[in-house]
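Q: Please take a close look at one part of this model and describe it for someone who has not seen the structure before. I would like the answer to begin with the makeup of a pocket lining and then move to what lies elsewhere in the chain.

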Amino acid sequence: MSSITLRSPAKLNLVLDVLAKRMDGFHELRTIFERIDLCDRITLTSRRDGAIKVVCGHPQVPKGPKNLAVKAAKQLQADFGIKQGVTIAIDKKIPVAAGLAGGSSNAAAVLMGLNRLWRLRLSQKQLVEYASRAGSDVAFFIYNASYALGEGRGEKIRVLPIRVKLWHVLVTAKFKMYTKEVFNHLNCPMSPLPNPCTVWCRGNDNSSQLTNKKDNVNILLPYLRKNMPQSIGSALANDLESAILSLRPDFKRLKNKLSNAGACGVCFSGSGPSVFALARSKQHAGQIKARFDRRYAQVFVVSTL
Ligand code: C5P
């Protein structure tokens, strides 16, 4: 086997609670990931020269060590003394730096693909360890799961055995938002970590404080299990919203417009700039999309994968 092709899907965050800032600079999270059917395609081809190369027509995809897929491949190559290299060809469909974890998903696909191509026989647990080292969102994609709870930096995954298929309209703005910059705009206190139901939130005077805050994960989960789109919609939540809007205040209009278009709920995914509207059905999603197609370049109907 010298070549292998894999699907590399995007994710949405139905809930993203930021609990505290950690001593290592990362933030402690509780999030519900949903895997969606907006996918890149990755083809891995062995090379004799030992080089790890990215081929991708998208100008914003890093071709060097900044690409998480390259980082992951190099780590495997070094740890297992692999003499071969690999060409990582990425057919990019997922918007870049958009809160959809496209780069993280590509890295997970490369880990799983190289495990086969280089016959490494790594277990899922070992792949998850490599994924966690590559980035906070990579581990989710190692599991073959539609939904999962993510904790820690986002890398501690508990698969949720939920079979519900949701429909969304996803609108991604053309500008990029960097995760680091968005997290830096949160005014969040340092650890010691609060207990699970005592979390940070912004006070009315814009100061940060530790307080009892709604546990958005456990509010949403029963509605998701029962497939109640209207209630799921009202329980969507993202603590990064205030930071995203402080960087791009104009984004509020798009969110309002989607809400006014009859969606069950509207939320940012990850650190933006993607906003998704939850629809009641595929047909309903199509109706909402039609109202945004002309004004926005990147509008997708997506569903749970
Ligand atoms: O792990 P990843 O490469 O996705 O993180 C990018 C940046 O986002 C980190 O360097 C950090 O500044 C921020 N981040 C964070 N807390 C997390 C995840 C990411 O502060 N849980």
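How many nonpolar, polar and charged residues are there in the lining of the largest pocket?

A: The lining of the largest pocket divides into 18 nonpolar, 19 polar and 10 charged residues, where Ala, Val, Leu, Ile, Met, Phe, Trp, Tyr, Cys and Pro count as nonpolar, Asp, Glu, Lys and Arg as charged, and the others, Gly among them, as polar. The model is predicted, so local features need pLDDT of at least 70 and side-chain atom pairs pLDDT 80 or more, whereas totals for chains, interfaces and linings use all residues. Residues are numbered from 1 along each chain as its sequence is written, and side-chain values use heavy atoms, without hydrogens or water.

The lining comprises 47 residues, and those nearest the centre of the largest pocket are Leu68, Ser104, Tyr178, Thr179 and Lys180. A pocket here is an open set of points on a 1 Å grid where a 1.4 Å probe fits, with protein on both sides within 12 Å along at least five of seven lines, and its lining residues have an atom within 4 Å of a point. For the largest pocket the volume, the space filled by probe spheres set on the points, is about 1,400 Å³. At least two lining residues come from each of strand E1 (3-21), strand E2 (27-47), helix H1 (68-79), helix H2 (102-117), helix H3 (124-134) and helix H4 (179-184); these are DSSP runs, at least four residues for helices (H or I) and at least two for strands (E). The largest pocket lies between domain 1 (3-159) and domain 2 (167-303), because both domains give residues to its lining, the bounds being those of an automatic or database assignment.

The second largest pocket, with a volume of about 240 Å³, can be set beside this one. Its lining holds 13 residues, and Arg7, Pro9, Arg35, Met112 and Phe141 lie nearest its centre. E1 and H2 again appear, each supplying at least two residues of the lining of the second largest pocket, and by class this lining has eight nonpolar, three polar and two charged residues.

Aromatic rings add a further layer to the picture. The count of aromatic pairs comes to six, with ring centres of Phe, Tyr or Trp (its six-membered ring) within 6.5 Å, and planes under 30 degrees apart called stacked, over 60 edge-to-face and the rest tilted. One such pair, phenylalanine 80 with tyrosine 130, is tilted, with 6.3 Å from centre to centre and 40° between the planes. This pair joins distant parts of the chain, 50 residues apart, since phenylalanine 80 is in the loop between H1 and strand E4 (85-91) and tyrosine 130 is in helix H3. Phenylalanine 80 counts as partly exposed because its relative accessibility is 36%, while tyrosine 130, at 10%, counts as buried; buried means under 20% relative accessible area, exposed over 50%, and partly exposed in between. Phe33, Phe140 and Phe141 form one aromatic cluster, and Phe141 also belongs to the residues nearest the centre of the second largest pocket.

Several single residues can then be placed along the chain. Valine 138, in the loop between H3 and strand E5 (147-152), is buried because its relative accessible area is 0%, and its C-alpha atom is 20 Å from that of valine 302, 164 residues away along the chain. Tryptophan 167 is in strand E7 (residues 167-172) and counts as buried because its relative accessibility is 18%; 24 Å separates its C-alpha atom from that of glycine 154, although the two are 13 residues apart along the chain. Leucine 220, within helix H5 (residues 216-225), is also buried, with a relative accessible area of 0%, and its C-alpha atom is separated by 18 Å from that of glutamate 241, 21 residues apart along the chain.

The backbone has some points of its own. The peptide bond from glycine 272 to proline 273 is cis, with omega near 0°, and proline 273 lies in the loop between strand E11 (265-269) and strand E12 (274-279). Alanine 97, in the loop between E4 and H2, has a positive phi near 50° without being a glycine, and is partly exposed at a relative accessible area of 28%. Asparagine 227, which is not a glycine either, has a positive phi of about 55°; it is found in the loop between H5 and helix H6 (229-235) and is partly exposed, at 38% relative accessible area.

Note on methods
Buried means under 20% relative accessible area, exposed over 50%, partly exposed in between (1.4 Å probe, protein chains only).
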